[in-house]
Amino acid sequence: MKYTVVLTAEYPSVARDLLAGEFDVIEHPTEVERSEDDLITLLDEADAAITLLSDPLTRRVLEASPNLRMIANYAVGYNNVDVEAARELGIRVTNTPGVLTEATAELTMTLLLAVLRRVVEGDAEVRSTGRCIWEPLHLLGESAFGKTLGIVGLGRIGSAVAERARAFGMNVIGVRRGEPLDEVLATADILSIHVPLTAETRHLIDRNALQKMKRGAYLVNTARGPIVDENALCDALESGQLRGAGLDVYEHEPGVNPRLLAMRNVVLLPHVGSATEETRGAMARIAATDVARFLRGQPPLHVVV
Ligand code: 8YV
């Protein structure tokens, strides 16, 4: 009897190619707002599944999925999985670390530079006027060179951002996860978030933290939205406490705070940190390889629990 692997979305084809033949593969269309009940239905037959960050793998879902022995989460983050419940139920969980470090660090620099240099405003202007207007005081931004970048979280991605920022002539200061933030908040001209979302990091950047930042500083977030109190961020942007923000992630994805949509001093991307062909393909290969290894009785290579 073949094991059944459920793919909860359309992943790069390498995932299917690595699994089809040896296993029964059931592929579902991508769904960014899947409910627990929908997921329970999808996982009914699954011995293993490759899942998206937007799949709520709660205790209820895990308990209601009788055959499920393994989840390969198609992301380095796994805040969508109740890891404690998985551990108790003996469900193996894997993730896709490493292969998205560079892509996410590049996107962080993209957002940082785009906000400082008002790239999106400039693009919108050229398109709407059909003209290239040159004036000495027009669309002035700020230089990254000589600025201090504060990095919250010095893991793989935070360290890769530090390396890139230094190449742009920035001073880089960082704090490791769990260390006090006061100094980095008070010193950074731009603050960039690179910690995972956990109970401890939820609203790590709250109203109080935003108040401790330099007036006119910037915030970049390519990690997870709920690490920042989005309402407090909107207040800080509206009051001028922050001059701008570059965001790839939001507190209530797929929703985006309407206040952010109305601001010209923020650059908003749809959670595309890992969205390069190279990286998404590599993530699919890692997830599928670990599923195959697990179902063959070999240890997976990227174990969370
Ligand atoms: C993914 C991510 O785009 O890996 C992560 O943690 O946030 C991104 O790489 C997203 O998780 C896709 O599920």
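The legends below describe views of a predicted model, from the whole chain to single strand pairs.

**View 1. Overall dimensions and composition of the predicted protein**. The protein contains 12 helices and 11 strands. Its radius of gyration is 21 Å, close to the 19 Å that the globule rule gives for 305 residues, so the protein is as compact as a globular protein of that length. Along the principal axes, the C-alpha atoms occupy a box of roughly 70 × 45 × 35 Å. Buried residues make up 48% of the 305. The exposed area is about 14500 Å², of which carbon and sulfur atoms supply 51%. Of the contacts between residues at least 6 apart in sequence, 60% join residues at least 24 apart.

**View 2. The open sheet of 5 strands**. The strands follow the order 2-1-3-4-5, with parallel pairing. Strand 2 (24–27) and strand 5 (92–94) are the edge strands, and each pairs on one side only. From one strand to the next, the twist averages 15°.

**View 3. Pairing of strand 3 with strand 4**. Strand 3 (residues 48–51) and strand 4 (residues 70–73) run parallel and are joined by 4 bridges. Ala48 has Met70 as its bridge partner in strand 4.

**View 4. The open sheet of 6 strands**. Here the order is 7-6-8-9-10-11, and the pairing is parallel. Strand 7 and strand 11 (266–268) stand at the edges with a single partner strand each, so one side of each is left without a neighbour in the sheet. The twist in this sheet averages 15° from one strand to the next.

**View 5. Strand 6 and its two partner strands, centred on Ile151**. Strand 6 (residues 148–152) pairs in the parallel sense with strand 7 (residues 171–175) over 5 bridges. Strand 6 also runs parallel to strand 8 (residues 190–193), to which 4 bridges join it. Ile151 stands opposite Gly174 in strand 7, and its bridge partner in strand 8 is Ser192.

**View 6. Helix 7 against the sheet**. Helix 7 packs on the sheet and touches both strand 6 and strand 7. The direction of helix 7 makes about 170° with that of strand 6. Together, strand 6, helix 7 (residues 156–167) and strand 7 form a right-handed β-α-β unit.

Notes
Residues numbered from 1 in each chain as written. Predicted model: local features only at pLDDT ≥ 70, side-chain atom pairs only at ≥ 80, totals over all residues. Heavy atoms only, no water. Pairing = 2+ DSSP bridges. Right-handed = clockwise from strand over helix to strand, strands pointing away. Axes fitted to C-alpha atoms, helices over the stretch in contact; angles between N-to-C directions. Contact = heavy atoms within 4.5 Å. Rg over C-alpha atoms; globule rule 2.2 N^0.38 Å. Buried < 20%, exposed > 50% of the residue type's maximum accessible area, 1.4 Å probe, protein only. Areas by Shrake-Rupley, 256 points an atom, 1.4 Å probe, with all protein chains shown as cover.
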